[in-house]
Structure formats: structure tokens, C-alpha cells
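I opened this notebook page to keep track of what I looked up, entry by entry. My topics were charged pairs, the surface and pockets.

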Amino acid sequence: MDPTGNPVANFYSGADLHNIAVPSPGHIMYDAQELPGYTNKFGEPVYFQFESRPVYGGAPWEITGRTYHVQMEDDGLPDASGMDGGNAYGTVSMSDGDIRFEAIIDPGAFGDDAAARAWMQTDMYRQLKEMMLSLTYNG
């Protein structure tokens, strides 16, 4: 909970949360850290990450806005060009089902890239990252 009593994160487990996705250019990775000692059911690393994804609208591949996500991820990280072909952003495949661990971020929280980067210096961001990196999953 934040100081006003609102939840700051969601955790879901035991369901099939993966879906099919197409390659998605334009991701911006602000922060990523591999969780020590964790792999998904396929033996792939699990990451904490803070990223921005483009919102497409109008003409094909026209970026009309951005969304911001603090989450766990097991589909690797976007490449240097921002191309991400992950199949379920923010979802980790575990032996007994998928998990999703994500921060709740107001869609209008950041006006631009600089504001998102500045948020990484706040106590709230530090606490969210510490919480996600301290995950103990016994499923």
C-alpha cells in the first residue's frame, strides 16, 4: 500500500496467463535485473524490469502514446533497437502455472521519458524493485 492506502502491486499465480504476441518495436528499457536463483519452467532467466511500450494507433506502426510497466518477465529483454517479441509481457511460466507480478502505475504518471527515468530515483521505485527482487515462489 502507498501512504494513501492504495495498492501498489498485483500478484497472480496458477493460471495460464500467456498469450500470443507479434514482434513489437519501440520498447524502452529503463531498468532490468535478473532474479538470482530463479528460472522459469523452461530454465530461462526471470527478470525484474521497468520498461515503456509504445501504443499504436492511426496509421500502421504510428506511435500515439506510451505505457509504463514495472514487472517480472521471462521472455528476455528487448534488443538494442527496442524490438521485443515476447509472448506475454509481464508473465512468468512456472511449473504449476503462470505468475504475474506487476506494479500498478497510473497511465498518466509520466509525461515523457525523462519523467520515467526520474521516478527511478524515488523511494517508491526503490521499494517496488526490492519487493519484486525478494520474491520467494514455492509453487
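The entries below follow the order in which I looked things up.

**Entry 1, the model.** I noted before anything else that this is a predicted model, and I read every value below with that in mind.

**Entry 2, salt bridges.** I began with the charged side chains, since side chains of opposite charge can pair when their charged atoms come close. I looked up the total and found five salt bridges, of which I wrote up some in detail.

The pair I took up at the start was Arg53 with Glu51, whose side chains meet in a salt bridge at 2.7 Å from N to O. I then checked the cover of these two residues and found that Arg53 and Glu51 are both buried.

**Entry 3, helix α1.** I turned to Asp113 and Arg117, which form a salt bridge with their closest N and O atoms 3.1 Å apart. Both residues belong to helix α1, which runs over residues 113-119, and because they are four residues apart there, about one helical turn separates them. Looking up accessibility, I found Asp113 at a relative accessible area of 31%, so I entered it as partly exposed; Arg117, at 39% relative accessibility, is partly exposed as well.

**Entry 4, helix α2.** I next examined Arg126 and Glu130, whose side chains meet in a salt bridge of 3.2 Å, N to O. Their positions lie four residues apart in helix α2 (residues 123-133), which means that about one helical turn lies between them. Arg126 has 38% relative accessibility and therefore counts as partly exposed, and Glu130, with 46%, also counts as partly exposed. I added that Asp123, Arg126 and Glu130 are joined into one network by salt bridges that share partners.

**Entry 5, surface patch.** Which residues form a nonpolar patch on the surface? I found Tyr56, Trp61 and Ile63, which together have about 320 Å² of accessible area. I placed Tyr56 in strand β3, residues 45-56, and recorded its relative accessibility of 31%, so that Tyr56 counts as partly exposed. That value also meets the requirement for patch members, which is over 30% relative accessible area.

**Entry 6, largest pocket.** I closed with the largest pocket, for which I noted a volume of about 170 Å³. Its lining consists of 13 residues, and those nearest the centre are Ile104, Ile105, Asp106, Trp119 and Met124. Sorting the lining by residue class, I entered 10 nonpolar residues, one polar and two charged.

Terms used:
Residues numbered from 1 in each chain as written. Predicted model: local features only at pLDDT ≥ 70, side-chain atom pairs only at ≥ 80, totals over all residues. Heavy atoms only, no water. Patch = residues over 30% accessible without salt bridge, like charges linked within 9 Å, V, L, I, M, F, W, Y side chains within 5 Å. Areas by Shrake-Rupley, 256 points an atom, 1.4 Å probe, with all protein chains shown as cover. Helix = DSSP H or I, 4+ residues; strand = E, 2+ residues; numbered from the N terminus. Buried < 20%, exposed > 50% of the residue type's maximum accessible area, 1.4 Å probe, protein only. 1 Å grid on protein atoms, 1.4 Å probe; cavity = no way out; pocket = protein on both sides within 12 Å on 5 of 7 lines; lining within 4 Å. Points joined across faces, edges and corners; volume = space filled by probe spheres on them. Nonpolar A, V, L, I, M, F, W, Y, C, P; charged D, E, K, R; others polar.
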